[in-house]
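Thanks for sharing this one. Here are my notes, set out as numbered points so that you can go through them with the model open.

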Amino acid sequence: MSVSKPIIGIYGGFLLSACATQSAPTLIPGSCDLVPVMLEEFDELRISPNRIGLARWTTHTPWGGDFGDARFTSPRREGPFSIENGILSIKAWIDENGDWRSGLLAAADRTGRGSGTQYGYFEARMKFPPGDGTWPAFWLMPLRAVDSIDERVEIDVIEYYGHRTDQFQSVLHVHSDAPEKGGGTGTEIAVLPDSLISEFNTYGVDISPDWVVYFHNGKEFWRQPKPEALAYPMYPLVNLALGSGYPIDDTPNPSIMLVDYVHVYARSDAIDCEPGLPEQDG
């Protein structure tokens, strides 16, 4: 998610609406209280190319770049966004000029406005498209003005590569202008073949003062010490990209990613909270 090139967006507001059914509450990890910051159920989609205000999401990365082999596109008749029964569809397709297009949503803009938290829990419930070349993701970036960031932490809660239906990746990157301060760690998680494309799954990350803890369907699968550079609020992004170095010759046209919800909770008592321990009855 860190590869980018400049792209110019034109400001404007868009609203997609649909009747929706409230999704059931998910299991929230941690032994402390969590306060909702953003409960995006996709009853409607408040989006703008590049400014948070009346909009909840922007449709381009706040730092002004696309990545992958499909151009991220603001709403148009063909796509990439639609809502039906409380489910967001993000479509990748070949346009009238023979170019791939797709969609990204970021809960922030380049001024640092947006929805996020420094300590808390982020979760999305998603179903991925089948086919080689698809590259969907749920990830976090710093909720700060773009020009004020010296070291940028990127948390890839889930990256999925369509040619491998039996695994997904989670990665934490530290991007820095000083090479000795940058780096990253990641892990690959084995799953049942086709399980991420045949049904909805939840993907979450719990950030505390000491740990970054990752969850799949409510179960912890990885944790790592919180890096020193992770010292500011983070905001969520969801997208359907293509490629990442893998061929897209056989990618289905169209390819559609489904998102049921994106939830963000802040810790009410970050210091005393034990991270990554699901609450138990009794």
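1. Let me begin with the surface. The protein chain exposes about 12500 Å², and carbon and sulfur atoms supply 49% of that area. Please keep in mind throughout that this is a predicted model.

2. Next, the overall make-up. The protein chain has 21 strands and one helix. Of its 282 residues, 54% count as buried. Among contacts between residues at least 6 apart in sequence, 71% join residues at least 24 apart.

3. Now the interior. The largest nonpolar core has 65 residues, and M126, F138 and I155 are those with the most contacts inside it. Strand β20 (residues 234-242) gives this core its largest share, seven residues. Apart from it lies another core, of five residues, with L34, Y121, V213 and F215 among them.

4. F138 deserves a look of its own. Leaving aside neighbours within four places in sequence, F138 is in contact with F122, E123, A124 and M126, and also with D156, V157 and I158. Its further contacts are Y203, P236, L237, V238 and V262.

5. On to the aromatic residues. The structure holds 14 aromatic pairs. One of them is F67 with W139: the ring centres are 5.7 Å apart and the planes stand at 75°, so the pair is edge-to-face. F67 lies in the loop between β6 (65-66) and β7 (71-72), whereas W139 belongs to strand β13 (residues 134-142), so the pair ties together parts that are 72 residues apart in sequence. Both F67 and W139 are buried.

6. A second pair to view is F128 with Y203. Here the ring centres are 5.6 Å apart with the planes at 15°, so the pair is stacked. This pair, too, links distant parts of the chain: F128 sits in the loop between β12 (120-127) and β13, and Y203 in strand β17 (residues 201-207), 75 residues apart. F128 has a relative accessible area of 2% and is therefore buried; Y203, at 1% relative accessibility, counts as buried as well. Y203 also appears among the contacts of F138.

7. You may like to colour one aromatic cluster, which is formed by W63, F67, F72, W135, W139, Y161 and Y246. The edge-to-face partners F67 and W139 are both members of this cluster.

8. Two charged side chains also go with rings. K91 lies over the face of W93, at 5.1 Å from the ring centre. The charged end of R223 sits over the ring of W211, 5.1 Å from its centre.

9. Which residues does S74 touch, not counting those up to four places away in sequence? They are P49, T59, H60, G79 and P80. With T59 there is a polar contact, side chain to side chain, at 3.0 Å. S74 lies in the loop between β7 and β8 (81-84). Its relative accessible area is 17%, which is under the 20% limit, so S74 counts as buried.

10. The backbone has some points to check. Most residues other than glycine have a negative phi, and most peptide bonds are trans. The peptide bond from G79 to P80 is cis, with omega near 5°, and P80 is found in the loop between β7 and β8, where S74 also lies. Another cis peptide bond joins N253 and P254, with omega about 5°; P254 is in the loop between β20 and β21 (255-267).

11. As for phi, N85 is not a glycine, yet its phi is positive, about 55°. N85 lies in the loop between β8 and β9 (87-94) and counts as exposed, at 55% relative accessibility. D194, also not a glycine, has a positive phi of about 70°. D194 is placed in the loop between β16 (183-190) and α1 (195-198), and with a relative accessible area of 38% it is partly exposed.

12. Last, a small point on R51, in the loop between β4 (44-48) and β5 (57-58). R51 counts as partly exposed, at 45% relative accessibility. R51 and G114 are 63 residues apart in sequence, and their C-alpha atoms are 9.2 Å apart in space.

Key. Residues numbered from 1 in each chain as written. Predicted model: local features only at pLDDT ≥ 70, side-chain atom pairs only at ≥ 80, totals over all residues. Heavy atoms only, no water. Core = buried A, V, L, I, M, F, W, Y, C linked by side-chain atoms within 4.5 Å. Buried < 20%, exposed > 50% of the residue type's maximum accessible area, 1.4 Å probe, protein only. Helix = DSSP H or I, 4+ residues; strand = E, 2+ residues; numbered from the N terminus. Contact = heavy atoms within 4.5 Å. Areas by Shrake-Rupley, 256 points an atom, 1.4 Å probe, with all protein chains shown as cover. Phe/Tyr/Trp six-rings, centres within 6.5 Å; stacked < 30°, edge-to-face > 60°. Lys NZ or Arg CZ within 6 Å of the ring centre and 35° of its normal. Polar contact = N/O pair within 3.5 Å; in protein donor to acceptor, adjacent residues only side chain to side chain.
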